Amino acid sequence: MTRETVVGEALDLLDEVGLDAVSTRHLAKRLGVEQPSLYYHFRNKKELLGAMAEAAMAPHATALLPDPADDWRDWFLANTRSFRRTLLMRRDGARLHAGSSPAGEDLDRLARKMAFLLASGIPERDARMAMLASGYFTVGCVLEEQADTDPDTHHPEVPHINHESAFEAGLALILDGLSNRIAEPHPTSE
């Protein structure tokens, strides 16, 4: 039993029962081992959940990095959409990801994305805030979408939400706001 096997089975368990029902006891039973043997690979459930979150993000983590010739707006849209698609691949994917922090290769990828935005003429603070805002926005949208398990139970006076359309509208607002910020003259310090 390898660490990758444990994480893979844990993600399959997540898809079957949801995040609230994932437990080391349930996972050990699924793997046909005693619960303490999981601690050989993970010291505790928090560490297991972190490894699951990292593995669940693999499709986004392997997406192409921006090329210097790319239009930053097109790349920003594609990157954020890729993040959303990846979160939606797993049941409770947004909840699993929420609160996680990039590490290792993910930090390197993030640095390359930031360098691309800076080279595209976006001020560092605006680039950081746009990446942070789009990430939080995407996780929040997916949390709501994944919580909306029975769309037929909506109150009749509340319009039905098309989650993808709402996401795209919000993403456009973030992109438009960033475009407007960089179009404004920035004061220079003397």
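**Entry 1: helix H9**

I began with H9, whose 21 residues reach 30 Å from the first C-alpha to the last, close to the 30 Å expected at 1.5 Å a residue. I kept in mind from the outset that this is a predicted model. At the start of H9 I looked at Asn162, and found that one of its side-chain oxygens reaches to within 3.1 Å of the backbone nitrogen of Glu164. I then listed the buried residues of H9, which are His163, Phe167, Gly170, Leu171, Ile174, Leu175, Leu178 and Ser179. An α-helix has 3.6 residues a turn, so residues three or four places apart point the same way. When I asked what the buried residues of H9 pack against, I found H5 and H8.

**Entry 2: H8 against H9**

How do the axes of H8 and H9 cross? I found that helix H8, residues 124-147, and helix H9, residues 163-183, have axes that come within 11 Å and cross at roughly 170°. Angles over 145 degrees count as roughly antiparallel, and H8 and H9 are therefore roughly antiparallel to each other. I noted the residues that make the contact: from H8 they include Ala130, Ala133, Phe137 and Cys141, and from H9 they include Ala166, Phe167, Leu171 and Ile174. Sorted by class, the contact of H8 with H9 has ten nonpolar, four polar and four charged residues.

**Entry 3: the chain as a whole**

I stepped back to the protein chain, in which I counted nine helices and zero strands. Of its 190 residues, 34% count as buried, and the C-alpha trace spans about 65 × 50 × 30 Å along its principal axes. I also looked up how far apart in sequence the contacting residues lie, taking the contacts with a separation of 6 or more, and found that residues 24 or more positions apart account for 73% of them.

**Entry 4: helix H5**

Since H5 had come up as a partner of the buried residues of H9, I turned to H5 next. H5 has 17 residues and reaches 24 Å from its first C-alpha to its last, close to the 24 Å expected at 1.5 Å a residue. At its start, a side-chain oxygen of Asp71 reaches to within 3.0 Å of the backbone nitrogen of Arg73. Among the buried residues of H5 I found Trp72, Trp75, Phe76, Phe83 and Leu87, and also Asn79 and Arg84. What covers the buried residues of H5 includes H3, H4, H6, helix H7 (105-119), H8 and H9.

**Entry 5: Asp92, after H5**

I found Asp92 in the loop between H5 and H6. Is Asp92 buried or exposed? At 15% relative accessibility, Asp92 counts as buried, because the cut-off for buried is under 20%. I marked its phi as well, since most residues other than glycine have a negative phi. The phi of Asp92 is near 60°, a positive value in a residue other than glycine.

**Entry 6: helix H3 and a neighbour in H1**

For H3, residues 45-56, I checked the length and found that its twelve residues should span 16 Å at 1.5 Å a residue, which agrees with end C-alpha atoms 16 Å apart. At the start of H3, a side-chain oxygen of Asn44 reaches to within 3.2 Å of the backbone nitrogen of Lys46. The buried residues of H3 are Leu48, Ala51, Met52, Ala53 and Ala56, and I found that they pack against helix H1 (3-17), H2, helix H4 (58-61), helix H5 (72-88) and helix H6 (93-97). I then looked at Gly8, which has its place in helix H1 and is partly exposed, with a relative accessible area of 28%. The C-alpha atoms of Gly8 and Met52 are separated by 7.9 Å, although these residues are 44 apart along the chain.

**Entry 7: Thr24 and Ala28 in H2**

I closed with H2, residues 24-31, in which I found Thr24. Thr24 is buried, with a relative accessible area of 11%, and its side chain makes a polar contact of 2.6 Å with the side chain of Gln35. Which residues is Thr24 in contact with, leaving aside its neighbours within four places in sequence? I found Gln35, Leu38, Tyr39, Lys45 and Leu48.

Ala28 also has its place in helix H2 and is buried, with a relative accessible area of 2%. Not counting residues up to four places away in sequence, Ala28 touches Val33, Glu34, Gln35 and Leu38. I also took the separation from Ala28 to Ser134, 106 residues apart along the chain, and found 37 Å between their C-alpha atoms.

Technical notes: Residues are numbered from 1 along each chain as its sequence is written. This is a predicted model: local features need pLDDT of at least 70, side-chain atom pairs count only at pLDDT 80 or more; totals for chains, interfaces and linings use all residues. Side-chain values use heavy atoms; hydrogens and water are left out. Axes are lines fitted to C-alpha atoms, for helices over the stretch in contact, and angles run from 0 to 180 degrees between N-to-C directions. Helices (H or I, at least four residues) and strands (E, at least two) are DSSP runs, numbered from the N terminus. Angles under 35 degrees count as roughly parallel, over 145 as roughly antiparallel, 65 to 115 as roughly perpendicular and the rest as oblique. Contact means heavy atoms within 4.5 Å. Ala, Val, Leu, Ile, Met, Phe, Trp, Tyr, Cys and Pro count as nonpolar, Asp, Glu, Lys and Arg as charged, and the others, Gly among them, as polar. Buried means under 20% relative accessible area, exposed over 50%, partly exposed in between (1.4 Å probe, protein chains only). A polar contact is a pair of N or O atoms within 3.5 Å; within protein, one must be able to donate a hydrogen and the other to accept it, and residues adjacent in sequence count only if both atoms are side-chain atoms. The expected span of a helix is 1.5 Å times one less than its number of residues.
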